Structures are given as structure tokens and as C-alpha cells.
Amino acid sequence: MHSRGWRNHSFVTEFILLGFSRNPKTNWILFFLFLFLFLYLFTVLGNGLIVTLIRIDARLHTPMYFFLSILSLLDLSYATTTVPQMLVHLVSKNKAISYTGCVIQMYIFLTLGITETWIFAAMAYDRYVAICYPLHYGVKMSQTLCIALVTSSALCGLICALVYTVFAMTLPYCGPNEINHFFCEIPAVLKLACADTSLNDQVDFILGFILLLIPLSLILASYVRIFIAILRIRSTQGRMKAFSTCASHITVVTMFCVPCMVMYMRPGSEASPEDDKKLALFYNVISAFLNPIIYSLRNKDVKRAFLKLIGRGEDTQ
């Protein structure tokens with residue numbers, strides 16, 4: 001929409017989230033079989049269990065599991081920011097969200113997402129130190145450094161999400177007010193602006209470069225060094241063990257970051273609403289759902305902690 005004439009219109013006070021489908025039968029199927037019973041509940045249970053295990057089992061009080069617990073908390077919060085509202089809208093005739101509610105949801109969602117990209121970089125650095133400098137791991141990855149990495153990631157998320165949100169929500173929105181999405185995500189909301197959004201596209205690209213490509217470059221640099229170190233390990237078993245500690249992280253980073261790059265680093269004019277919804281569902285819900293499975297299935301320490309929790313493991317340290 002163009003800026004011409006927008007001053008003569010009243011601004012919207014709420015938005016309507018169209019979601020996935022207007023067909024009631026389709027909505028009920030999505031609600032019961034796909035989203036509510038399986039994805040969201042498992043996301044909450046899976047990530048909640050990982051956080052609990054890491055907290056109560058002393059053997060998991062290491063930097064790697066500290067970062068994993070932060071990642072699980074972020075995934076849990078990330079999905080909770082959007083999915084409960086989506087589930088309510090799937091079975092309700094009222095699909096409205098207030099203007100203020102939309103701004104808050106957008107800001108929280110962006111804060112969590114940006115923080116997660118930098119946590120991925122911190123996890124890659126942790127693996128780099130563990131594999132390339134195993135004798136100095138305890139000194140290099142001190143508790144102070146771990147807390148500093150998490151705190152700086154969160155501050156980056158809070159500040160950059162504010163920039164994203166302010167640039168998006170200071171634009172005029174004078175109608176229509178139907179967002180073709182299941183939550184207030186910036187690319188979908190910007191399509192309703194009564195003004196030129198080319199500046200927003202530029203800001204999104206620049207911030208996307210800083211917040212996605214820079215962490216990904218750090219992750220790539222860490223893993224290049226890691227793979228070089230792994231190739232120097234003489235025993236096949238040693239190489240496989242070292243690689244297995246990194247495979248889960250690489251998988252999770254790819255699932256989260258690639259769809260985010262497609263969503264936030266392309267011009268808004270090239271975006272398809274249906275494709276955007278699928279991408280958002282993937283990195284918002286599917287990724288958070290799969291992370292506990294990916295990390296727990298390949299991790300003997302997490303399995304051992306779980307068996308101990310339910311009384312089937314050994315109590316000896």
C-alpha cells in the first residue's frame with residue numbers, strides 16, 4: 001500500500017489473524033491431530049524435560065549442557081509466544097488481536113529468535129574449545145564466560161528486536177486489518193502498511209545480515225577448525241565420537257537459520273503468504289519440537305539422566 005492519502009484515514013486498533021484455513025473442518029483436524037495433541041504438547045514436555053534433567057543431574061552441569069538448557073528454554077518460550085493463540089483461533093470465530101497485543105507478540109518473538117541465533121554461535125564455540133583444546137576446556141569455558149555469552153546474546157536480542165519492532169509499528173496502518181498469517185510476524189504485518197515499506201526492507205536485510213550471517217559465519221569458522229582437528233584423530237572411534245557431539249548442533253542450526261534467512265532477507269514484494277506461513281511453522285514450531293528429539297536420541301548423558309530420574313538408572317556418579 002502507498003503512503004498517499006493515509007492521513008485522511010483512521011488507524012486500526014486491532015488486527016485479524018487469518019491463520020491457515022477458513023474451512024472449519026480443516027481447522028478442527030489441524031487443532032486435534034496435528035498441532036494440539038502432538039506438536040505443542042511434545043514441545044513443552046520435551047524441552048521442559050531437558051531443562052529439568054540438566055538442572056537436577058550434577059553430571060550435566062557443564063558448559064555444553066548449560067547452553068542446551070538455555071536453548072530449550074528459548075524454544076519453549078518461542079513456541080508459547082505464538083502456538084496457544086493459534087490453537088484458540090483455529091476453533092474460535094473471533095480471530096482478533098489488539099494492536100498493542102500484536103506489537104508485544106512481535107517484540108517477544110523477535111527477541112527470542114535473535115537470542116537463539118547467538119546462542120547457536122556460543123554452542124559452536126563451546127564445541128570448538130572442547131575438541132580443539134580439551135586440556136584447557138575447563139579454564140577457557142569458565143562459568144563467567146558462559147554467563148557473559150548468554151547475557152550478551154539476550155541483550156542483542158532485546159535491542160535488535162526493538163529496532164525491528166519500532167521500524168515496523170511506527171508505520172501507519174489504516175486498513176484493511178487482516179493479517180494473512182497465524183501470528184504477528186513482521187513481513188506479514190508490513191503488507192498492511194499505508195506507506196512505502198522499502199526502508200523497512202532495507203533495515204530487515206541489514207539486520208538479517210548482522211543477526212543471521214555473522215553468527216552463521218562464526219559457527220562455520222568453528223566447525224572448519226573442529227573438522228580439521230577431528231581428521232587428525234587417529235582412531236576411527238575417536239573421530240566418530242567427536243563428530244557425533246557436533247552433528248546434533250549442525251542439524252538444529254540448519255533447521256532454524258535457513259528458513260529465517262529466507263523469511264527476513266528477501267524483499268517483501270517477493271514473499272508468498274502461504275510460503276511464509278509454512279516457513280514460520282517450520283522454524284517456530286517444528287524446530288522447537290524436534291530439538292529435544294535430536295539432542296536426546298544421540299546423547300547418552302541425557303538418556304542416563306532420564307533413566308536416573310524415573311528410577312531405572314544407577315545412582316552412582
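Asp57 is buried, at 4% relative accessibility; buried means under 20% relative accessible area, exposed means over 50%, and partly exposed lies in between, with a 1.4 Å probe and protein chains only. Its side chain meets that of Arg59 in a salt bridge, with 3.5 Å from N to O. A salt bridge here is a side-chain nitrogen of Lys or Arg within 4 Å of a carboxyl oxygen of Asp or Glu. Arg59 itself is partly exposed, at 26%.

The model is predicted, so local features need pLDDT of at least 70 and side-chain atom pairs count only at pLDDT 80 or more, while totals for chains, interfaces and linings use all residues. Residues are numbered from 1 along each chain as its sequence is written, and side-chain values use heavy atoms, with hydrogens and water left out.

## Salt bridges

How many salt bridges does the structure hold? There are 2. Besides the pair of Arg59 and Asp57, Arg127 forms a salt bridge with Asp126, and their closest N and O atoms are 3.0 Å apart. Both partners of this second bridge are buried: Arg127 has a relative accessibility of 10%, and Asp126 has a relative accessible area of 1%. As a general point, side chains of opposite charge can pair when their charged atoms come close.

## The chain as a whole

The secondary structure comes to 10 helices and 3 strands. Helices (H or I, at least four residues) and strands (E, at least two) are DSSP runs, numbered from the N terminus. Along the sequence, the pattern reads β-α-α-β-α-α-α-β-α-α-α-α-α.

The chain has 317 residues, and 47% of them count as buried. Its exposed area is about 16,100 Å², with carbon and sulfur atoms supplying 67% of that; accessible areas come from the Shrake-Rupley method with a 1.4 Å probe, and for residues only the protein chains shown count as cover. Among contacts with a separation of 6 or more, 80% join residues 24 or more positions apart, where contact means heavy atoms within 4.5 Å.

Three pairs of residues show how distant parts of the sequence are placed in space:

| Pair | Separation along the chain | C-alpha to C-alpha distance |
|---|---|---|
| Arg304 and Leu53 | 251 residues | 9.7 Å |
| Leu281 and Ala79 | 202 residues | 9.6 Å |
| Tyr295 and His249 | 46 residues | 8.1 Å |

Arg304 lies in helix α10 (residues 300-309) and is partly exposed, at 37% relative accessibility. Leu281 sits in helix α9 and is buried, with a relative accessible area of 13%. Tyr295 is found in helix α9 (residues 273-297) and is buried too, at 8%. Setting aside neighbours within four places in sequence, Tyr295 is in contact with Leu68, Leu71, Met123, Ser248, His249 and Val252.

## Inside: the nonpolar core

Which residues touch the most other members of the largest nonpolar core? In this core of 92 residues, they are Phe15, Phe120, Tyr173, Ile179 and Tyr283. Helix α3 (residues 99-132) gives the most to this core, with 17 residues. A nonpolar core is a set of buried Ala, Val, Leu, Ile, Met, Phe, Trp, Tyr and Cys residues joined through side-chain atoms within 4.5 Å. In soluble globular proteins, nonpolar side chains tend to be buried together.

Tyr283 is worth a closer look. Beyond neighbours within four places in sequence, Tyr283 is in contact with Tyr78, Phe109, Glu185, Met255, Phe256, Pro259, Cys260, Met263 and Tyr264.

## A buried serine

Ser69 has its place in helix α2 (residues 63-91). Is Ser69 buried or exposed? At 9% relative accessibility, Ser69 counts as buried. A polar atom of its side chain lies 2.6 Å from the backbone oxygen of Phe66. Apart from neighbours within four places in sequence, Ser69 is in contact with Val51 and Ile54.

## Outside: a nonpolar patch

On the surface, Leu155, Leu158, Ile159, Val163, Phe167 and Leu199 make a nonpolar patch of about 510 Å². Patches are made of residues with over 30% relative accessible area and no salt bridge; like charges are joined within 9 Å, and nonpolar side chains (Val, Leu, Ile, Met, Phe, Trp, Tyr) within 5 Å. Helix α5 (residues 143-169) gives the most to this patch, with 5 residues. Leu155 lies in helix α5 and is partly exposed, with a relative accessible area of 46%.

How values were computed: Polar contact = N/O pair within 3.5 Å; in protein donor to acceptor, adjacent residues only side chain to side chain.
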